[in-house]
Amino acid sequence: MKNILYKDGKLLLLDQTLLPNQEVYIEPKTKEDYYYAIKKLQVRGAPAIGIFAAYGMALIEDDKAMLKQYLDSARPTAVNLSWATDRMLKAYYDGKSLIDEAIAIHNEDIAMCKKISEYGLSLLNDGDGILTHCNAGALATGEYGTGLGPLLLGKERGYNFHIYSDETRPLLQGARLTSYELEKAGCDVTLICDNMASIVMKQGKIDAVLVGADRIAANGDTANKVGTSGVAILAKHYGIPFYVLAPYSTIDYTCATGDDIVIEERDPQEIKSMWYTRDMALPQTKCYNPSFDVTDNNLITAIITDKGIIKAPYTTNLMRIKND
């Protein structure tokens, strides 16, 4: 499944806000189009945001340093965004072809996802029950994905997983995107409400939890879609492995702990009205809508990157792969 397509000087983006009911590709042309697409989650998932922003840096005629700052401000938590724009800005100063650099970032992400998927699949067994939260598949990356990568790769190789997909409120990425993506791949997927994670664990239906991450602190704390830390606490209680799958570029070595991760707050209408024909709360009702929460490293069984499977102590082992 291709979410970002570049051909003959044009970039096409699959608008994920319209899934699963419509598959519509849009063509961003201005810097405002790129900003809006990132801000409004037409493109989402840390790696995909980075790829998309790289193409924006290449295709938009503007002061590149200012363009970088503008695009970065659309989603400050997603470290892949600033990582990609940093790389593009350096390529610009070095006199490189920016479109070639963007294509390289895209192709490297595909190769990276394959590596993560291979490492993740090595931890799973045919027939396992898997719980997912949010969406970390091909829609969120260049191909395969991070959190869903082992499941999609496993399906290609004849594995039969029994997958339970949290709906992931309030944006419903698990319902709209993960279940959609897994159904398209022919996987056995069952959609559940977020508050059903505990009962399927208690019933013995879950052998592992796979999630993605938008930022990983140097000590292994991870910023994931809001609700992920609750799933991690449940997994710890029931003795179920909790795996975070993310590219090496998601590790922010300038961020010491999860306390240093800035959590963006999003539009209250995402809770009250965005996915409903009628408002689900009174107009004056206050909302608290953080986009992410932080999963403490002591709840994580392993962090799976394209550089390998990392286990505790995370501060030491994440620093080790930095120097590989």
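The exercises below concern the cavities and the largest pocket of a predicted model.

**Exercise 1.** State how many cavities of 30 Å³ or more the structure holds, and give the volumes of the largest and the second largest.

*Solution.* Counting comes before sizing, and the count of cavities of 30 Å³ or more is two. The largest cavity has a volume of about 280 Å³, while the second largest cavity contains about 40 Å³ of space.

**Exercise 2.** Describe the lining of the largest cavity by residue, by element and by class.

*Solution.* Begin with the residues: 27 of them line the largest cavity, and R44, G45, C134, N135 and D214 are the ones that lie nearest its centre. Turn next to the elements, where α2 (46–59) and β9 (222–225) are those that give two or more residues to this lining, and where α2 provides the largest share, three residues. Finally, sorting the lining by class yields twelve nonpolar, ten polar and five charged residues.

**Exercise 3.** Identify the residues that line the second largest cavity, and divide them by class.

*Solution.* The lining consists of Q16, T17, K40, L41, L171, R176, M274 and W275. Divided by class, the lining of this second largest cavity has four nonpolar, two polar and two charged residues.

**Exercise 4.** Characterise the largest pocket by its volume, its lining and the elements that contribute to that lining.

*Solution.* The volume of the largest pocket is about 240 Å³. Its lining includes T17, Y36, K39, K40, E264, E265, R266, D267 and M274, and the elements giving two or more residues to it are α1 (31–39) and α10 (269–272). By class, the lining of the largest pocket divides into two nonpolar, three polar and seven charged residues.

How values were computed: Residues are numbered from 1 along each chain as its sequence is written. This is a predicted model: local features need pLDDT of at least 70, side-chain atom pairs count only at pLDDT 80 or more; totals for chains, interfaces and linings use all residues. Side-chain values use heavy atoms; hydrogens and water are left out. On a 1 Å grid over the protein atoms alone, a cavity is a set of points where a 1.4 Å probe fits but cannot get out, and a pocket is an open set with protein on both sides within 12 Å along at least five of seven lines; lining residues have an atom within 4 Å of a point. Grid points are joined across faces, edges and corners, and a volume is the space filled by probe spheres set on the points. Helices (H or I, at least four residues) and strands (E, at least two) are DSSP runs, numbered from the N terminus. Ala, Val, Leu, Ile, Met, Phe, Trp, Tyr, Cys and Pro count as nonpolar, Asp, Glu, Lys and Arg as charged, and the others, Gly among them, as polar.
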